[in-house]
Amino acid sequence: MDGKADLHLHTSYSDGAFTPQDLLAHASRAGLTILSITDHDNTGALREAMELGSTLGIEVISGVELSTTVDAQDIHLLGYFIDPENEILQEHLAIFRAERLRRAERIVQKLHELKLPLPFEAVLARAGTASIGRPHIAAALVEAGLVDNYQAAFGRYLGFGKPAYERKYQVSPREAIRMVADAGGLSFIAHPGNAIDERVLFALIKEGVDGIEVVHPSHSSERTAYYRGIAEEYFLLTSGGSDFHGGRRNDLDVLGRFSVPAEAVDKMRRRLR
Ligand code: AMP
Ligand code: ZN
Ligand code: FE
Ligand code: FE
């Protein structure tokens, strides 16, 4: 099968701006034929997207993005081909989302202490039914006129080490890999070029990830080639995508530009058999 696969996309079920429907319409126009929606701690978009995809001739593969931590480093893992109905997975995702809500409350509390009177309700309204996160708080801060723009909200308050920063509840990579495997899926190290040092990368490989996200907007072509080489050497699968969030990060132009061939998805399927 040929085609272009974007295996890293966010919707309004996490911190993406687009509903699954709008995302699929944009992806279709961008010439993509295979998608994976990988919302943070949330699989709510999948069923709808799969149904819509079949009417548009787009294959939608189930996905999720999980946050894990190693030595205070943030490690994101992508799970593909998970069964969204898996009860244990859903129990964990529900816990992650509940913890996100408590963390958002703590962040807003810190903002109040910093004399930024952001009503928590404004953040909740921004998030709707999504996995709540800092992007919703940043957007609410901008909307309330308390900061100039989204980047400044992170740069001054919400980013790592900034005064309103709060850690997220996170599991170890081992636990996340286990969760994904138990739900019938394959786990991939997300955008390793972002923050993951080599020692951690090899530790994750040892823990049993199935693959590496080699194509990502944050990766130079040299980085992509480097990770491809590691994947080959360790018999790992490769994936890639745009990490599209619907314009929130000035990323409206990424759709169609970051993809992997359909063959990468075929290889995942073969590994699962
Ligand atoms: P959270 O899951 O609540 O920790 O939020 C993580 C999301 O916040 C990331 O996926 C990015 O979209 C966004 N983010 C994190 N750090 C920054 C930053 N320094 N500037 C802009 N966006 C950021
Ligand atoms: Zn995100
Ligand atoms: Fe990520
Ligand atoms: Fe992502």
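**Entry 1: I82**

I began with I82, which is buried at a relative accessible area of 2% (buried is under 20% relative accessible area, exposed over 50%, partly exposed in between, with a 1.4 Å probe and protein chains only). A note to self: this is a predicted model, where local features need pLDDT of at least 70, side-chain atom pairs count only at pLDDT 80 or more, and totals for chains, interfaces and linings use all residues. Side-chain values use heavy atoms without hydrogens or water, residues are numbered from 1 along each chain as its sequence is written, and chains are lettered from A and ligands numbered from 1 in the order in which they are written.

I found I82 in the loop between β4 and α3 (helices are DSSP runs of H or I with at least four residues, strands are E runs of at least two, numbered from the N terminus). Leaving aside neighbours within four places in sequence, I82 is in contact with T43, S62, G63, V64, L89, V180, A183 and G185 (contact means heavy atoms within 4.5 Å). I also looked up V64: its C-alpha is 8.0 Å from that of I82, and the two are 18 residues apart in sequence.

**Entry 2: helix α7**

V180 led me to α7, residues 173–182, whose buried residues are P173, A176, I177, M179 and V180. Seen down the axis of α7, these fall within an arc of 160°, so they line one face of the helix (the arc is that of the directions from the helix axis to the C-beta atoms). I recalled that an α-helix has 3.6 residues a turn, so residues three or four places apart point the same way.

What do the buried residues of α7 pack against? I listed β3 (59–70), β4 (73–80), α3 (87–113), β5 (186–189) and α9 (198–207). On the face turned away from the buried side I noted the exposed residues R174, R178 and D182. Just after α7, G184 has a positive phi of about 85°.

**Entry 3: the zinc ion (ligand 2)**

I then checked the protein donors of the zinc ion: D15 (OD), D15 (OD), H40 (NE2) and H245 (NE2), at 2.0 to 2.5 Å (donors are N, O and S atoms within 2.8 Å of the metal, or 3.2 Å for Na, K and Ca; water is not among the atoms, so sites may look incomplete). The donor residues are spaced D-x24-H-x204-H in sequence. D15 lies in the loop between β1 (4–9) and α1 (20–29) and H245 in the loop between β7 (237–240) and β8 (260–261), so the pair ties together parts 230 residues apart in sequence. I found D15 buried at 8% relative accessibility and H245 buried at 2%. The iron ion (ligand 3) is 5.8 Å from the zinc ion (ligand 2).
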